[in-house]
Amino acid sequence: MNRNGCALLLTVLAASLLAACNNEGEQAKAENKGETAAAQQSAMNVLAAHQGVNQAPVPLKMERVGPHDVRIEMTAQITDIEIDKGKMYKAWTFNGQAPGPLVVVHEGDTIHFTLKNMDPAIPHSMDFHAVHAAPSKDFIDVMPNKSGTFTYPANKPGVFMYHCGTKPVLQHIANGMHGVIIVKPKNGYPTDKEVDREYVLIQNEWYKYNDMSDFQNGVPSYVVFSAKALKLGDPNTNGDTFTLKEKPLLAKVGEKIRLYVNNVGPNEVSSFHVVGTVFDDVYLDGNPNNHLQGMQTVMLPASGGAVVEFTVTRPGTYPIVTHQFNHAQKGAVAMLKVTETGEDDGAETSGH
């Protein structure tokens with residue numbers, strides 16, 4: 001090749017490299033611009049009255065005041081929740097948790113319920129799926145900086161959802177105002193004597209922050225599990241993509257495990273499954289009359305609950321998932337670590 005040809009070739013190569021670099025630079029700028037726009041849009045969706053508000057969680061107050069009477073006080077508040085590593089959500093919450101704190105009563109109890117509203121701008125309310133009530137009277141809005149007290153019976157056993165019932169209900173649930181109330185059956189479950197260990201798990205979804213269009217028409221950005229404490233010392237987490245992977249639930253080889261499960265949605269169905277085992281016993285909605293056996297997967301509609309029981313026969317890590325794996329990929333995986341002692345052996349968890 002002559003000198004002019006070489007010069008021409010070098011010029012073409014240089015131009016190509018420059019164009020490629022420019023394209024990469026433009027693509028990076030576009031991506032950064034998109035991320036900035038998304039962050040700005042998220043900031044715009046935070047109500048002016050909630051800007052800078054991050055209220056410390058107020059503990060749930062629950063006291064048995066008679067053989068069949070329970071007094072419960074919950075607080076509506078605005079609290080920042082980490083839903084993915086480094087991803088904060090200015091959640092509308094009950095007691096600074098999303099999902100909210102676990103409530104446990106017994107079949108036949110009367111609930112004397114007080115809701116305090118610390119939200120500086122928005123009314124909130126409580127809809128307990130576990131009770132018989134007149135919604136227009138018993139689930140009414142409590143205005144900012146006010147409180148309301150309501151009384152109703154819990155006559156059916158089960159694993160029920162609770163949520164804010166203020167319009168638009170979807171906005172309040174999707175922003176974090178959801179949780180679970182367990183009504184324990186007065187005669188227990190037929191398998192009570194067989195169960196060695198029990199946990200509470202909740203599945204929920206997160207969408208673009210306070211974006212009603214996404215709540216209604218979009219797909220969830222994250223689908224997650226949380227654990228709620230049945231007793232002092234049990235794991236109690238918010239709905240995020242990472243905690244129940246990094247800090248797995250624990251069990252001992254040979255134990256029969258009971259999970260109280262609820263899918264609080266607000267929109268999607270859960271196909272609840274534990275990898276590596278078969279459910280010995282299942283009580284749909286947590287009612288002992290709804291007894292099934294030998295199930296691989298339990299379908300939980302939005303707000304649906306269940307009690308599932310299974311036996312772990314070998315040491316190792318058992319992933320807990322929704323078998324709708326597009327949602328598992330978005331975070332809906334928890335780990336159950338099974339060891340010979342029932343204690344954490346420090347080994348890394350793996351799978352799904």
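This report describes strand pairing, aromatic contacts, salt bridges and selected buried residues in a predicted model.

## Strand pairing

Strand β1, residues 61-66, and strand β2, residues 69-84, run antiparallel and are joined by 5 bridges. The connection from β1 to β2 is a hairpin of 2 residues. Within this pairing, Lys61 faces Glu73 of β2.

Strand β9 covers residues 178-184, and 6 of its 7 residues are buried, so the strand is largely enclosed by the rest of the structure. Strand β4 (residues 103-106) runs parallel to β9 and is joined to it by 4 bridges. Val105 is placed opposite Val183 in β9. Strand β8 (residues 158-163) runs antiparallel to β9, with 6 bridges between them. Here Phe160 has Ile181 of β9 as its bridge partner.

## Aromatic contacts

The model contains 12 aromatic pairs. One of them joins Phe113 and Phe128 in an edge-to-face arrangement, with 5.1 Å between the ring centres and 80° between the planes. Phe113 belongs to strand β5 (residues 109-117) and Phe128 to strand β6 (residues 127-128), so this pair ties together parts that are 15 residues apart in sequence. Both rings belong to buried residues: the relative accessible area is 0% for Phe113 and 1% for Phe128. The two residues are also members of an aromatic cluster that includes Phe94, Phe139, Tyr152 and Tyr162.

## The surroundings of His124

His124 is located in the loop between β5 and β6. With a relative accessible area of 1%, His124 is buried. Its side chain makes a polar contact of 2.8 Å with the side chain of Asp119. Beyond its neighbours within four places in sequence, His124 is in contact with residues from several stretches of the chain, among them Ala76, Trp92, Leu115, Asn117, Ile140, Asp141 and Val142. Its contacts further along the sequence include Cys164, Thr166, His172 and Met177.

## Salt bridges

The structure holds 15 salt bridges. Three of these are set out below, each with the separation of nitrogen and oxygen atoms.

| Basic residue | Acidic residue | N to O distance |
|---|---|---|
| Lys85 | Glu246 | 2.6 Å |
| Lys231 | Asp234 | 3.0 Å |
| Lys337 | Asp345 | 3.3 Å |

The salt bridge between Lys85 and Glu246 has its closest N and O atoms 2.6 Å apart. Lys85 lies in the loop between β2 and β3 (87-94), whereas Glu246 lies in helix α5, so the pair ties together parts that are 161 residues apart in sequence. Glu246 is partly exposed, at a relative accessible area of 49%. Lys85 has a further interaction: its charged end sits over the ring of Phe242, 5.1 Å from the ring centre.

In the pair formed by Lys231 and Asp234, the two partners differ in their exposure. Asp234 is buried, at a relative accessible area of 16%, while Lys231 is exposed, at 52%. The pair formed by Lys337 and Asp345 has the basic residue buried, since Lys337 has a relative accessible area of 4%. Asp345 counts as exposed at 52% relative accessibility.

Salt bridges also link Asp192, Glu194, Glu198, Lys256, Arg258, Asp281 and Glu309 in a network.

## The surroundings of Pro248

Pro248 is found in the loop between α5 (243-246) and β12 (249-252). Its relative accessibility is 12%, and since buried means under 20%, Pro248 counts as buried. Leaving out residues up to four places away in sequence, Pro248 touches Met335, Lys337 and Thr349. Of these contacts, Lys337 is the residue that meets Asp345 in a salt bridge. Pro248 and Tyr318 are 70 residues apart in sequence, and their C-alpha atoms are 9.6 Å apart in space.

Definitions and conventions. Residues numbered from 1 in each chain as written. Heavy atoms only, no water. Pairing = 2+ DSSP bridges. Buried < 20%, exposed > 50% of the residue type's maximum accessible area, 1.4 Å probe, protein only. Contact = heavy atoms within 4.5 Å. Phe/Tyr/Trp six-rings, centres within 6.5 Å; stacked < 30°, edge-to-face > 60°. Lys NZ or Arg CZ within 6 Å of the ring centre and 35° of its normal. Polar contact = N/O pair within 3.5 Å; in protein donor to acceptor, adjacent residues only side chain to side chain. Salt bridge = Lys/Arg side-chain N within 4 Å of Asp/Glu carboxyl O.
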